[in-house]
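Open the model in your viewer and keep the selection tool at hand. The stops below each give something to select and a short note on what is there.

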Amino acid sequence: MTPSDRIRSVVPPYLLRAVADAERFPRAASAARTALASLDTVQRPKHDHRVRPQGVSGAVDRSPQRTISDAKGSTTLPGTPVRHEGDPDSGDAAVDEAYTGLGDTHAFWLEVFDRVSIDGAGLPLDATVHYGQDYDNAYWDGSRMVFGDGDGEVFNRFTIAVDVIGHELAHGVTQYTADLTYEGQSGALNESISDVFGSLVAQYAARQTAEQASWLIGEGLFTDAVHGVALRSMRAPGTAYDDPVLGKDPQPATMVGYVDTTEDSGGVHTNSGIPNHAFYLAATAIGGNAWEGAGAVWWDALTSDTVSASIDFAGFATVTVDAARARFGEGSAQHTAVQDAWRTVGVLS
C-alpha cells in the first residue's frame with residue numbers, strides 16, 4: 001500500500017504491537033493482532049480530492065445528514081443502517097455515541113468556520129459501529145467512520161471519546177483541503193491537525209476554554225487496567241501513558257526528540273507530538289476559546305494556497321505565523337504566541 005492508501009486510524013501501530021505482545025492481556029493481544037493486520041489490508045475507497053473548497057451550485061443542506069450502521073461483529077462495510085438523521089436514541093451506547101459525536105463535529109465546523117460538513121458541501125456523515133470482534137481501533141476510510149468495540153482488557157469502545165470522532169473526521173477535512181501526504185513530516189502534520197481539531201471539537205461541545213481543556217486525545221479509551229490517561233497529550237507529549245506492559249508514550253514535545261524511522265509511515269503518530277505541543281502552547285498563550293485564536297490560525301493555514309501536500313514542519317509553521325499576522329495583525333498577541341510556540345518546540349529558530 002502507498003502512504004495515501006493507508007487508513008487513518010487513531011491507535012498507532014506501535015501501541016497495537018505492544019498490546020499484541022502483552023501476555024497479561026490474552027484477549028487484548030489477539031484483538032490487537034487483528035487490528036494490526038487490518039492496517040495493512042483495509043484500503044481506503046477512491047475519492048475525489050477537493051484540494052481547495054469548491055463552489056457548489058444550488059442550495060446546500062446545512063443540517064447534518066447522519067447514518068449509523070451496525071456491522072454486528074463482522075468486517076463487512078457498511079453494515080445494517082440502524083439510526084438515521086432525526087431518529088431517537090437507539091438504546092445502543094455505541095450507536096448513540098457515534099450519532100452524537102458526528103453531530104458535535106458537524107456543529108463545530110459549521111458554527112465555527114461556516115463549513116458545511118467535512119467537505120464544505122454537505123457531505124453526509126456515515127459511520128459503522130460494532131466493527132469486527134473486539135476490534136481495537138477507530139478509523140476514517142476516506143468515506144466513513146468505523147468504530148471497534150475494544151477488547152475490554154486494554155481498550156474500551158472507541159465511540160466513548162468525542163475527540164476521537166472529531167480526530168477521524170478531521171482526516172476527512174484534510175483530505176478535502178490540503179490533502180497532506182501521509183508520510184514523514186507532512187504525515188505527522190496530517191495526524192497533528194486531526195488531534196488539533198479533534199480536541200477543538202470536544203472543547204467546543206463542552207464550551208471549554210483553552211485553560212479548562214484537558215488537551216488529552218482519547219481520554220477514557222484505556223480501561224482501569226492500564227497505567228495511562230489517554231493515547232496522547234498535547235499539553236505534555238510523552239506523558240499520556242506509562243504502563244509496565246504497554247510501555248511509555250513515545251511522543252516527543254520538541255525537535256530534540258524527533259524520531260527518524262521508516263515505521264508508521266515515517267513516525268506520523270510519534271512526531272505529531274511536536275506540532276501538537278506547538279498548538280497547545282499557542283492556544284494557551286492566547287487564552288480564551290482555542291477555536292477563536294490558534295484554531296482560527298491553523299484553519300487559515302490548512303486552507304492556504306501556500307500549503308503543499310508535502311510541506312514539512314518548518315514550512316507549515318511559517319504559514320501559521322503568516323496566517324496569525326494576516327488575521328490578527330503584526331505584533332499582535334496571537335501573532336507573537338504562534339511564533340513563540342514554534343520556537344519553543346524547536347521548529348523555528
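Start by selecting W298, which is buried because its relative accessible area is 2%, under the 20% cut-off for that label. Keep in mind that the model is a predicted one.

Add W342 to the selection. W342 also counts as buried, since its relative accessibility is 0%. What kind of aromatic pair do W298 and W342 form? The pair is stacked, with 5.8 Å centre to centre and 10° between the planes. Now show the helices around the two rings. W298 belongs to helix α8 (residues 294-302) and W342 to helix α10 (residues 333-344). The pair links distant parts of the chain, as the two residues are 44 residues apart.

**Next: F108 and F197**

In total, the structure holds 22 aromatic pairs. For another of these pairs, select F108 and F197, which form a tilted pair. Their centres are 6.4 Å apart and their planes make an angle of 55°. A pair of aromatic rings is described by these two values, the distance of the centres and the angle of the planes. Which helices hold F108 and F197? F108 is in helix α3 (residues 93-113) and F197 is in helix α5 (residues 184-206). The two are 89 residues apart, so this pair too links distant parts of the chain. Both F108 and F197 are buried.

Widen the selection to W109, F113, Y204, W291 and W299. Together with F108 and F197, these residues are linked into a cluster by ring pairs.

**Charges over rings**

Stay with Y204 and add R207. The charged end of R207 sits over the ring of Y204, at 3.9 Å from the ring centre. A second case is R66 with Y99: here the charged end of R66 sits over the ring, 3.7 Å from its centre.

**The sheet**

Switch to a cartoon view and find the open sheet. Its 6 strands come in the order β1-β5-β6-β4-β2-β3, and their pairing is mixed. Which strands lie at the edges? They are β1 (8-9) and β3 (80-84), each of which pairs on one side only. Helix α4 (residues 162-175) packs on this sheet, where it touches β1, β4 (125-129), β5 (138-140) and β6 (145-147). The direction of helix α4 makes about 20° with that of β5.

Now select β2 (residues 66-70). Strands β2 and β3 run antiparallel and are joined by 4 bridges. To see one residue pair up close, pick T67, whose bridge partner in β3 is H84.

**A stretch named in a record**

Select residues 91-175. An unreviewed UniProt entry lists this stretch as "domain: Peptidase M4". Over these residues the chain is 41% helix and 13% strand. The C-alpha atoms at the two ends of the stretch are 33 Å apart.

**Two last residues**

Go to G220, in the loop between β7 (216-217) and β8 (232-233). Is G220 buried or partly exposed? G220 is partly exposed because its relative accessible area is 34%. Leaving aside residues up to four places away in sequence, G220 touches N156, I160 and V229. Measure from G220 to S194 with the distance tool: the C-alpha atoms are 18 Å apart, and the two residues are 26 apart in sequence.

Finish at A37, in helix α2 (residues 26-41). A37 is partly exposed, with a relative accessible area of 41%. Its C-alpha atom is separated by 9.9 Å from that of P13, which is 24 residues away along the chain.

How values were computed
Residues numbered from 1 in each chain as written. Predicted model: local features only at pLDDT ≥ 70, side-chain atom pairs only at ≥ 80, totals over all residues. Heavy atoms only, no water. Pairing = 2+ DSSP bridges. Contact = heavy atoms within 4.5 Å. Axes fitted to C-alpha atoms, helices over the stretch in contact; angles between N-to-C directions. UniProt positions renumbered as here; feature names shortened; annotations may be inferred. Buried < 20%, exposed > 50% of the residue type's maximum accessible area, 1.4 Å probe, protein only. Phe/Tyr/Trp six-rings, centres within 6.5 Å; stacked < 30°, edge-to-face > 60°. Lys NZ or Arg CZ within 6 Å of the ring centre and 35° of its normal.
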